[in-house]
Every structure is written in C-alpha cells, then in structure tokens.
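I am opening a fresh page for this structure, and I want to note down what I looked up in the order I looked.

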Amino acid sequence: MKNAYLNGVLEQVKKRNPGEPEFIQAVTEVLESLEPVIEKHPEYMEKGVIDEIVEPERIIKFRVPWVDDQGKVQVNRGFRIQFNSAIGPYKGGLRFHPSVYEGIIKFLGFEQIFKNSLTGLPIGGGKGGSDFDPKGKSDAEVMRFCQSFMTELSKHIGADTDVPAGDIGVGGREIGYLFGQYKRLRNEFTGVLTGKGIPYGGSLARTEATGYGLCYFTDAMLKDHGDSFKGKTVVISGSGNVAIYANQKATQLGAKVVAMSDSNGYVYDANGIDLAAVKQIKEVRRGRIKEYIQDHPKAEYHEGCSGIWTIPCDVALPCATQNEINEESAKALVKNGVKAVAEGANMPSTPEAIHVFQSAGILFAPAKASNAGGVATSALEMSQNSMRYSWTFEEVDGKLHDIMVNIYKNASQAAKEYGMEGNLVAGANIAGFLKVANAMLAHGVV
Ligand code: NDP
C-alpha cells in the first residue's frame with residue numbers, strides 16, 4: 001500500500017491483534033481496496049471512520065461448561081464479536097469448530113460488516129462461535145452444549161440488538177436447541193436467531209440461500225461476459241450446507257458438478273455427483289464423503305483436500321473453509337482452463353491465489369459479494385418474523401435472486417468508478433464500505 005495513513009492503520013491493527021493472521025489478512029485486503037476511496041474522499045480519514053471500523057464495538061468471550069454422556073464436565077470457550085452496528089443490529093453466524101479462536105471470529109465479523117452492507121438490507125456486522133466440535137457428539141451432548149452456550153449468549157443478543165445464525169458446525173439442529181433455550185430463559189418468542197426451522201419462524205429458502213445465491217451471483221457475472229452455467233463442468237469443495245445447495249442450483253442452471261469434498265478428502269464422479277447420495281450421507285447420516293464410493297463404484301475417492309483443485313473444470317466454487325485455495329492450487333486451476341472462480345466459503349482463497357486468478361484474467365467473485373445470499377435471506381427471515389408473517393418459497397427465492405444480481409451490479413459499478421474495472425474484490429469492498437462509512441459519519445464519534 002502506498003497510502004501512509006492506511007499503512008499506519010494496518011500497523012496499529014497488527015500491534016493490537018497479535019497472533020491473529022486471518023484477521024490481519026482480511027483487514028489488509030479491505031484497506032488496500034480503500035486507497036482510491038481515501039484519495040477521493042479524505043473525510044473518511046479525517047473523521048476517523050477507518051480507525052473505528054477496524055476495531056470491534058464489543059468482544060464477548062465466555063466459558064461454556066457442559067456435561068458429556070459419560071458424566072464428565074467439559075469446558076469450551078464461547079465468543080460473540082459485535083463488530084459494527086452503524087446500519088442495523090449485529091448480524092452474523094455462529095461457528096462451532098475446534099479451530100475457532102478470537103482471530104477467526106474477528107476476521108469473520110469484520111468481513112460480515114461489508115457483506116451485510118452489500119445486501120442493501122439494514123443489518124450490522126457480527127460473528128460468534130466456539131471451539132466445540134459437534135462431530136462425533138450425541139444429540140444429547142450437542143443439546144447440553146447449546147443450552148450452556150445460550151445461557152451466556154442470551155444476555156447479549158436480541159431481535160433488535162444482535163441476531164446470530166448458523167455457520168460451520170451450526171445447522172438446523174443446533175439453531176433449534178439454541179432458540180429453545182433463549183425462549184425459555186427470556187420467556188419471549190422473537191426472531192432472535194435466523195436459520196430456524198419452518199414450524200417455529202424459519203424462512204423458506206434460507207437453507208438453500210447461500211448456495212443458491214452463490215450461483216445467482218456467478219450466473220450474473222458469467223452473463224455479463226456473454227457466458228452462462230450451461231454445459232459447464234463445476235468443482236465444489238465441501239459437502240455442507242453451502243456446497244450442497246450450490247451443487248443443486250448449478251445443476252439446475254445446466255452445469256455438471258463432478259467433485260465435492262470434506263475435511264478428509266474428495267470424491268470425483270465424471271458422470272456428475274449424485275446429490276441425493278451426498279445429502280443422504282451428510283444431512284441424514286452425518287457421515288463422511290468417502291462413503292459415496294460404496295454405492296458409486298465408478299467414482300474415485302482421494303484423501304486430502306487440496307487435490308480437488310487439480311481436477312479440470314470451467315467453474316470452481318470453494319465452499320468449505322478459509323484459505324483452502326493457495327497459490328499452487330490456483331495455478332493448477334488456471335493451467336487446467338478454469339474460467340470463473342466464485343467463493344461460497346468465507347475467504348477461501350489466499351491473497352496469493354487471488355493474485356494468480358486476477359493476473360490470468362479469470363472471473364473472480366469474492367466471498368463478501370458472492371456468498372451474501374445466506375445473510376440476505378436471514379434478513380428476510382427477520383422481516384417476516386417482525387411482521388409475524390411468512391412468504392412463499394418462490395417469493396423469498398425471487399428476492400434472493402434480485403439481491404444477488406444487484407450485489408453483482410453494485411460491486412462491478414464501484415470497481416469501474418474507482419478505476420479498477422473488473423476487479424470485484426475492490427468493488428465489493430468499496431461498495432460495502434461506503435454505506436457503512438456514511439452512516440458512521442452521520443452518527444459522529446460514537
Ligand atoms: P457446514 O458445516 O455445513 O459444512 C462445512 C463443509 O466444509 C463440510 O463439508 C466440512 O467438512 C468442510 N470443512 C470444514 N472445515 C474444513 C477444513 N479445515 N478443510 C476442509 N474442509 C473443511 O458449513 P457451511 O456449509 O455452512 O459453511 C461453509 C463455508 O461457507 C464457511 O466458510 C462459512 O463461513 C461460509 N458461509 C456459510 C453460510 C451459511 O449460510 N451457512 C453463509 C455464508 C458463508 P467436514 O464435515 O469434514 O468438517
């Protein structure tokens with residue numbers, strides 16, 4: 001970065017957040033994109049908006065004790081980072097995964113500010129989670145953990161304050177237990193969480209939203225370049241919520257998905273992945289992707305995650321986790337002729353990988369923009385809860401589609417306006433930033 005002021009902000013962030021490389025990575029990318037904005041609008045610098053935006057409004061960190069099936073006390077750590085409420089109540093998922101620590105939640109919360117702003121809906125940025133691993137736990141253990149987690153979290157959230165949702169390791173089952181405990185503790189039935197089950201206030205199409213939204217965004221990007229999903233070969237990493245519904249929509253739009261993965265390895269099926277089988281393994285049995293080859297003898301299973309990026313494809317949709325595509329994987333994708341890469345997971349490409357894609361002229365959709373469909377539909381769930389009313393699947397899906405196309409247009413337009421045409425990373429950061437920054441300016445120093 002050439003701008004001395006932005007470099008100073010970054011140095012301060014590094015000093016204040018030692019040992020948190022993911023957060024530094026996310027902040028660096030945003031600050032780099034803001035260089036031309038500061039030149040045009042020095043008021044964001046002069047009024048301290050950028051110094052404020054990199055500092056969470058509030059960090060809540062707590063003990064989560066629970067009793068396992070053997071009667072032994074287990075202690076996990078819980079987090080909620082309320083990062084920015086300039087344009088609405090804090091909104092962002094909860095992640096339950098052993099890799100969770102403060103730096104991961106901070107990076108996700110920071111990204112969420114800009115993503116939520118891009119949706120055009122009134123939601124601030126937040127994120128939370130725990131180093132609890134739901135894998136291999138019984139339903140009763142997951143329930144006891146969720147109840148303990150919510151016992152503390154309930155003191156800090158509310159339908160007009162902070163509305164958490166799911167993320168890695170937090171699906172319908174976990175949201176149900178968390179909601180049940182909140183309702184019991186507070187004796188109120190409000191839309192305090194999103195991703196709820198349909199019988200108790202969930203929105204139709206929320207389960208599908210992130211994966212579908214990713215494909216709507218990718219489709220808009222391809223169409224803007226005279227192309228489409230039709231006849232494309234697609235590789236999708238992960239086999240969780242985002243990956244499954246990205247597969248479903250890409251297939252509906254005429255593509256063939258040939259590979260999916262989990263944290264142990266990946267399956268390659270030249271005939272196209274049998275999504276019903278993946279759903280059965282992952283959603284019903286909570287099994288491993290490896291089990292796919294038991295009923296699909298022509299498919300291949302390979303141990304390890306990064307090999308999936310060596311499979312030739314037209315479109316790559318990383319939908320597993322952060323930094324899953326490094327420089328080497330990006331080079332392999334480019335060498336094999338990839339045309340578009342769109343991020344379903346949060347920050348799945350390293351900065352070096354993004355550089356490889358952009359230098360090769362590959363269409364690249366950054367997570368903040370392309371995976372915003374989940375949180376956008378969560379905001380639609382909040383609206384329905386406030387109205388005590390529910391829309392049909394088609395209504396929600398239609399709104400999601402329009403939101404994703406608008407995000408593409410806005411990011412693309414902002415990139416052009418600031419002299420970086422085609423650079424959606426910069427465009428998304430700038431478009432997301434401007435709305436939040438203007439709200440912060442209006443609020444004064446608070
Ligand atoms: P799930 O828990 O449903 O699925 C996660 C998938 O990624 C699983 O297949 C998991 O495999 C795999 N995975 C997790 N960690 C790793 C790892 N370290 N290496 C390789 N694979 C891994 O989560 P979601 O689908 O909800 O989330 C996936 C990504 O999308 C995350 O980055 C999340 O932040 C992002 N996202 C999710 C949204 C949502 O609405 N759900 C919204 C916006 C973004 P395994 O089963 O082996 O752990």
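**Entry 1, the ligand's polar partners.** I began with the ligand and found one of its oxygen atoms 2.9 Å from an N or O atom in the side chain of Arg 95. I keep in mind throughout that this is a predicted model. I then looked up Asn 346, where an N or O atom of the side chain lies 2.8 Å from an oxygen atom of the ligand. At Ser 239 the partner belongs to the backbone instead: a polar backbone atom there is 2.9 Å from a ligand oxygen. Turning to the cover, I noted that the ligand has 890 Å² of accessible area on its own, and that the protein covers 84% of this area.

**Entry 2, the shell.** How many residues surround the ligand? I found 26, and the closest are Asp 167, Thr 210, Ser 263, Arg 288 and Asn 346. Sorting the shell by class, I wrote down 13 polar residues, seven charged and six nonpolar. I also checked which helices take part, and recorded that helix 9 (206-224) and helix 10 (241-252) each supply at least two residues of the shell.

**Entry 3, the domains.** I looked up how the protein chain is divided and found domain 1 (1-55), domain 2 (57-189) and domain 3 (207-370). The shell around the ligand takes at least three residues from domain 2 and at least three from domain 3, which led me to look at this pair of domains. Their C-alpha centres lie 27 Å apart, and I noted that 13 residues of domain 2 are in contact with 11 residues of domain 3.

**Entry 4, Lys 196.** I next went to Lys 196, which is found in the loop between helix 8 (172-186) and helix 9. Is this lysine buried or exposed? Its relative accessible area is 5%, and since buried means under 20%, I entered Lys 196 as buried.

I then asked what the side chain of Lys 196 reaches, and found the backbone oxygen of Leu 193 at 2.6 Å. The side chain of Lys 196 also makes a polar contact with the side chain of Glu 381, at 2.8 Å. Leaving aside neighbours within four places in sequence, I listed the residues in contact with Lys 196, among them Ile 175, Phe 179 and Asn 385. The glycines Gly 191, Gly 201 and Gly 202 are also in contact with Lys 196, as are Ser 203 and Glu 381, so that Glu 381 appears in my notes both here and as the polar partner of the lysine side chain.

Technical notes: Residues are numbered from 1 along each chain as its sequence is written. This is a predicted model: local features need pLDDT of at least 70, side-chain atom pairs count only at pLDDT 80 or more; totals for chains, interfaces and linings use all residues. Side-chain values use heavy atoms; hydrogens and water are left out. A residue is near a molecule or strand if one of its heavy atoms lies within 4 Å of it. A polar contact is a pair of N or O atoms within 3.5 Å; within protein, one must be able to donate a hydrogen and the other to accept it, and residues adjacent in sequence count only if both atoms are side-chain atoms. Accessible areas come from the Shrake-Rupley method with a 1.4 Å probe; for residues, only the protein chains shown count as cover. Ala, Val, Leu, Ile, Met, Phe, Trp, Tyr, Cys and Pro count as nonpolar, Asp, Glu, Lys and Arg as charged, and the others, Gly among them, as polar. Domain bounds come from an automatic or database domain assignment. Buried means under 20% relative accessible area, exposed over 50%, partly exposed in between (1.4 Å probe, protein chains only). Contact means heavy atoms within 4.5 Å.
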